[in-house]
Amino acid sequence: MNILVVNDDGIKAQGIKALTAALSKVADVFVCAPDSQRSGYSHALTIVEGVFVRETECPGAVRAWETSGTPVDCTKIGIEASRRAGAEIDMVFAGINHGWNLGIDTHYSGTVGAAMEGAFFEKHSVAVSVQSHTPTHFEVAAELAVDSIDFVRREMPVSTILNINVPDLPREEIKGLCIAACGGRYFDDTFSEDKDGIYTLKGMPLDFAAAPNTIDLAAAEHGYAVISPLRYDFTDYRMLKNMENWGLRIRD
């Protein structure tokens with residue numbers, strides 16, 4: 001089995017090294033990651049400028065490349081580069097991200113975006129994250145990633161990705177595993193402005209207990225590892241059915 005590992009924290013991040021090392025025990029791993037931090041890039045891709053690609057090394061990887069592109073670029077390029085190297089990718093793993101990707105954060109996440117791009121290519125895909133932006137505990141997240149392989153390939157359609165989030169805690173302090181819907185996570189968005197008119201986002205997340213529909217975040221905040229299935233189909237099918245009776249038409 002050939003697995004592509006991508007991320008948004010950059011090729012030198014500890015999370016991608018931990019994930020690559022764990023997956024290399026059960027598969028041939030290929031790595032393609034940005035040359036520096038690309039968090040918050042969501043599903044952005046580079047379509048006007050070219051993307052620089054350079055082969056590099058990542059412990060445990062058969063081949064590895066770093067790029068000047070976005071996380072989604074890395075998924076696209078990694079699949080193509082691996083194919084040119086004679087390996088057809090079977091699965092895409094994004095992570096291990098430094099910081100949770102829960103609730104509304106999933107829409108901004110370069111990690112989730114990169115995994116979704118794998119789904120676009122009809123590859124079974126998994127996003128993996130740990131709580132802290134300076135994490136020290138990757139072992140449980142890495143093990144869950146490995147343990148998810150058989151289930152994802154057997155039970156999940158390629159149009160659905162698995163989103164794994166783990167507290168940055170020692171194994172014995174994690175309360176368990178929770179299967180949860182992706183809820184909401186809301187921010188008090190504020191910006192600072194400097195003398196040159198440059199705005200910098202300074203908003204902080206609101207207290208999860210005060211925000212509605214925080215299903216996955218609530219479980220994570222209480223010390224559970226959380227797994228959620230996510231789809232790229234944004235269609236509201238119930239509303240689609242209701243709209244049939246609206247009577248809207250193009251005027252004569």
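**Exercise 1. In which sense do E2 and E4 pair, and over how many bridges?** Then place the two strands in the sheet.

*Solution.* Keep in mind as you work that this is a predicted model.

- Step 1: Compare the two strands. E2 and E4 run parallel to each other, paired over 5 bridges.
- Step 2: Pick out one pair of residues. Val31 has Ala64 of E4 standing opposite.
- Step 3: Zoom out to the whole sheet. It is open and has 9 strands, in the order E3-E4-E2-E1-E5-E6-E7-E13-E8, with mixed pairing.
- Step 4: Find the edges. Strand E3 (53–56) and strand E8 (176–179) are the edge strands, each paired on one side only.
- Step 5: Add the twist, which averages 20° from one strand to the next.

**Exercise 2. Work out how E13 pairs with E7 and with E8, and find a residue pair for each.**

*Solution.*

- Step 1: Start with E7. This strand and E13 are antiparallel, joined by 6 bridges. Ile164 stands opposite Ile227 in E13.
- Step 2: Turn to E8. Its pairing with E13 is parallel, over 4 bridges. Here Cys178 has Val226 of E13 as its bridge partner.
- Step 3: Put the two together. E13 takes part in an antiparallel pairing with E7 and a parallel one with E8, which fits the mixed pairing of the sheet.

**Exercise 3. Which residues of helix H1 are buried, and what do they pack against?**

*Solution.*

- Step 1: List the buried positions in H1 (residues 14–23): Gly15, Ile16, Leu19, Thr20, Ala22 and Leu23.
- Step 2: Look down the axis. These residues lie on the same side of H1, because they cover an arc of only 165° around the axis.
- Step 3: Find their packing partners. They pack against strands E1 (2–6), E2 (28–34) and E5 (91–98), and against helix H5 (139–155).

**Exercise 4. Check the length of helix H2, then list its buried residues.**

*Solution.*

- Step 1: Count and predict. H2 covers residues 71–84, 14 residues in total, so at 1.5 Å a residue the span should be 20 Å.
- Step 2: Compare with the model. The C-alpha atoms at the two ends of H2 are 20 Å apart, in agreement with that value.
- Step 3: Note the buried residues of H2: Pro71, Val72, Asp73, Cys74, Thr75, Gly78, Ile79, Ala81 and Ser82. They pack against E1, E2, strand E4 (63–67), E5 and helix H4 (110–120).
- Step 4: Step just past the helix, where Gly86 has a positive phi of about 95°.

**Exercise 5. Which residues touch the most other members of the largest nonpolar core, and which element supplies its largest share?**

*Solution.*

- Step 1: Begin with a general idea: in soluble globular proteins, nonpolar side chains tend to be buried together.
- Step 2: Apply it here. The largest nonpolar core has 34 residues, and Val5, Phe93 and Val166 touch the most other members.
- Step 3: Trace the suppliers. At least two residues each come from E1, H1, E2, E5, E6 (124–130), H5, E7 (160–166) and E13 (224–231). H5 gives the largest share, with 7 residues.
- Step 4: Follow Phe93 beyond its neighbours within four places in sequence. Its contacts include Val5, Leu19, Leu23, Val128 and Ile149.

**Exercise 6. Is Cys32 buried or exposed?** Describe its surroundings too.

*Solution.*

- Step 1: Locate Cys32 in strand E2.
- Step 2: Apply the cut-off. Buried means under 20% relative accessible area, and Cys32 has 0%, so this residue is buried.
- Step 3: Look at what surrounds the residue. Outside its neighbours within four places in sequence, Cys32 is in contact with residues including Val5, Trp65, Cys74 and Gly78.

**Exercise 7. Examine the backbone at Gly95–Ile96, Ser42 and Glu122.**

*Solution.*

- Step 1: Gly95 and Ile96 are joined by a cis peptide bond, with omega of about -10°. Ile96 belongs to strand E5.
- Step 2: Ser42, in the loop between E2 and E3, has a positive phi near 50° without being a glycine. Ser42 is partly exposed, at 23% relative accessible area.
- Step 3: Glu122, in the loop between H4 and E6, has a positive phi near 60°, again in a residue other than glycine. With a relative accessible area of 63%, Glu122 is exposed.

Methods. Residues are numbered from 1 along each chain as its sequence is written. This is a predicted model: local features need pLDDT of at least 70, side-chain atom pairs count only at pLDDT 80 or more; totals for chains, interfaces and linings use all residues. Side-chain values use heavy atoms; hydrogens and water are left out. Buried means under 20% relative accessible area, exposed over 50%, partly exposed in between (1.4 Å probe, protein chains only). The arc is that of the directions from the helix axis to the C-beta atoms. Contact means heavy atoms within 4.5 Å. The expected span of a helix is 1.5 Å times one less than its number of residues. A nonpolar core is a set of buried Ala, Val, Leu, Ile, Met, Phe, Trp, Tyr and Cys residues joined through side-chain atoms within 4.5 Å. Two strands pair if DSSP finds at least two bridges between them. Axes are lines fitted to C-alpha atoms, for helices over the stretch in contact, and angles run from 0 to 180 degrees between N-to-C directions.
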